[in-house]
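Subject: Handing over the structure

Hi,

Here is the structure I said I would pass on to you. Have a look at it first, and then read my notes below.

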Amino acid sequence: MKKYFKKLLKPFYNNIKQIGFKLLDFYDSIKGKNPLIPPRSMIFIGDGDYEKIGNEFFNYFKLLGELKTNDKILDVGCGIGRMSVPLTNYLNEKGEYHGFDIVKKGIEWCQNNISTKYANFHFSHADIYNKMYNENGKEYSFNFKFKYQDNYFDFIFLTSVFTHMYARDVENYLKEISRVLKDGGRCLITFFLLNEESNKMIKNGLSTQNLIYRLDNFSFAKDEKVPENAIGFNEEYIKGLYIKNSLNIQKQIFYGSWCGRKEFMSYQDIIIAKKTR
């Protein structure tokens, strides 16, 4: 009965939410917000302050990923440009930013509002199927080939991307990341990593992500009907994929607060790796 009423009220809730966003958009237009930040009613990339989270990860890119002003960067799952905005004031004329995403409206907004002001910022749409974000997609993540040449990028990042993908999709993407990353290039990727500590916290009801529905031997989801909502992976399985793809994990894994930890770096777990041959 509870699920029935929740489903019944969802359209009403979404309409109220959109009205609220429209009012906030109007307020933002009056006070004069940053034109590189999209209207709140368009943002589809999850909870949290758009600008604050973008700046948070920009600092991680520099501190943990050793990002340089002339790097060639790939943002896999760039959404509606949250991570690209801080980079517009950082990359010099030799640096390049490339981002792709499966949600077309986000890419079109970035092309019309960011690329028109910064010629070295490029956004492209990948029409990939995802039950949560792109139900009519014509391609599939498990065999999708990145549209970039081998050994091109200095730095690649994925924020809250693998947390919405199945194991075979992650396997293919890590293979593609290794292919387009230069030798010595770095990548920063976020996960929900399942290990002894996080599994215990989930069991004890402390986690914000109740990853209890088994998908395969390596991954669990919180939503049985739409697994892409949130997916976590066995930590040792992920480490094995990094080794397989010549990606050497640097220093340590920076664990997140998602499962209820008191000490953490960010919300999701962060892995920094360098390509070595």
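Leu-87 is a good place to begin: this residue is buried, and its relative accessible area is 0%. One thing to keep in mind as you read is that the model is a predicted one. Leu-87 sits in the loop that connects β1 (72-76) with β2 (96-101). Which residues does Leu-87 touch, not counting those up to four places away in sequence? They are Phe-58, Leu-67, Ile-73, Tyr-97, Phe-121 and Phe-157. You can also look at Asn-55, which is 32 residues away from Leu-87 along the chain, with 9.2 Å between the two C-alpha atoms.

Another loop residue I would like you to see is Glu-228, found between β8 (219-221) and β9 (231-234). Glu-228 is buried but has no salt bridge. The nearest side chain of opposite charge is that of Lys-131, at 6.1 Å, and a salt bridge would need a side-chain nitrogen of Lys or Arg within 4 Å of a carboxyl oxygen. What the side chain of Glu-228 does reach is the backbone nitrogen of Lys-131, at 3.4 Å. Setting aside neighbours within four places in sequence, the contacts of Glu-228 are Tyr-129, Asn-130, Lys-131, Met-132, Thr-163, His-164 and Tyr-166.

Now to two of the helices, beginning with α5.

Helix α5 covers residues 196-203, and its buried residues are Ser-198, Met-201 and Ile-202. Viewed down the axis of α5, these fall within an arc of 100 degrees, so they line one face of the helix. Glu-196, Lys-200 and Lys-203 are exposed on the other side of α5. The packing partner of the buried residues of α5 is β6 (193-194). At the N-terminal end, α5 is capped by Asn-195, which has a side-chain oxygen 3.1 Å from the backbone nitrogen of Glu-197. Just after the helix comes Gly-205, with a positive phi of about 75 degrees.

Helix α6 spans residues 235-244, where Glu-235, Tyr-237, Ile-238, Leu-241 and Tyr-242 are buried. Around the axis they take up an arc of only 165 degrees, which puts them on the same side of α6. Which residues are exposed on the other side of α6? There you will find Glu-236, Ile-243 and Lys-244. The elements that cover the buried residues of α6 include α4 (167-180), β5 (181-191), β6, β9, β10 (247-249) and β11 (269-275). At the start of α6, Asn-234 brings a side-chain oxygen to within 2.9 Å of the backbone nitrogen of Glu-236. Ser-246, just after α6, has a positive phi of about 60 degrees.

Finally, some figures for the chain as a whole. Its secondary structure comes to six helices and eleven strands. The chain has 277 residues, and 48% of them count as buried. How many of the contacts between residues at least 6 apart in sequence join residues at least 24 apart? The share is 67%. The accessible surface of the chain is about 14800 Å², with 52% of it belonging to carbon and sulfur atoms.

Do write back once you have had a look; I would be glad to hear your thoughts.

Best wishes

Methods
Residues numbered from 1 in each chain as written. Predicted model: local features only at pLDDT ≥ 70, side-chain atom pairs only at ≥ 80, totals over all residues. Heavy atoms only, no water. Buried < 20%, exposed > 50% of the residue type's maximum accessible area, 1.4 Å probe, protein only. Helix = DSSP H or I, 4+ residues; strand = E, 2+ residues; numbered from the N terminus. Arc of directions from axis to C-beta. Contact = heavy atoms within 4.5 Å. Polar contact = N/O pair within 3.5 Å; in protein donor to acceptor, adjacent residues only side chain to side chain. Areas by Shrake-Rupley, 256 points an atom, 1.4 Å probe, with all protein chains shown as cover. Lys, Arg positive; Asp, Glu negative; His and termini not counted.
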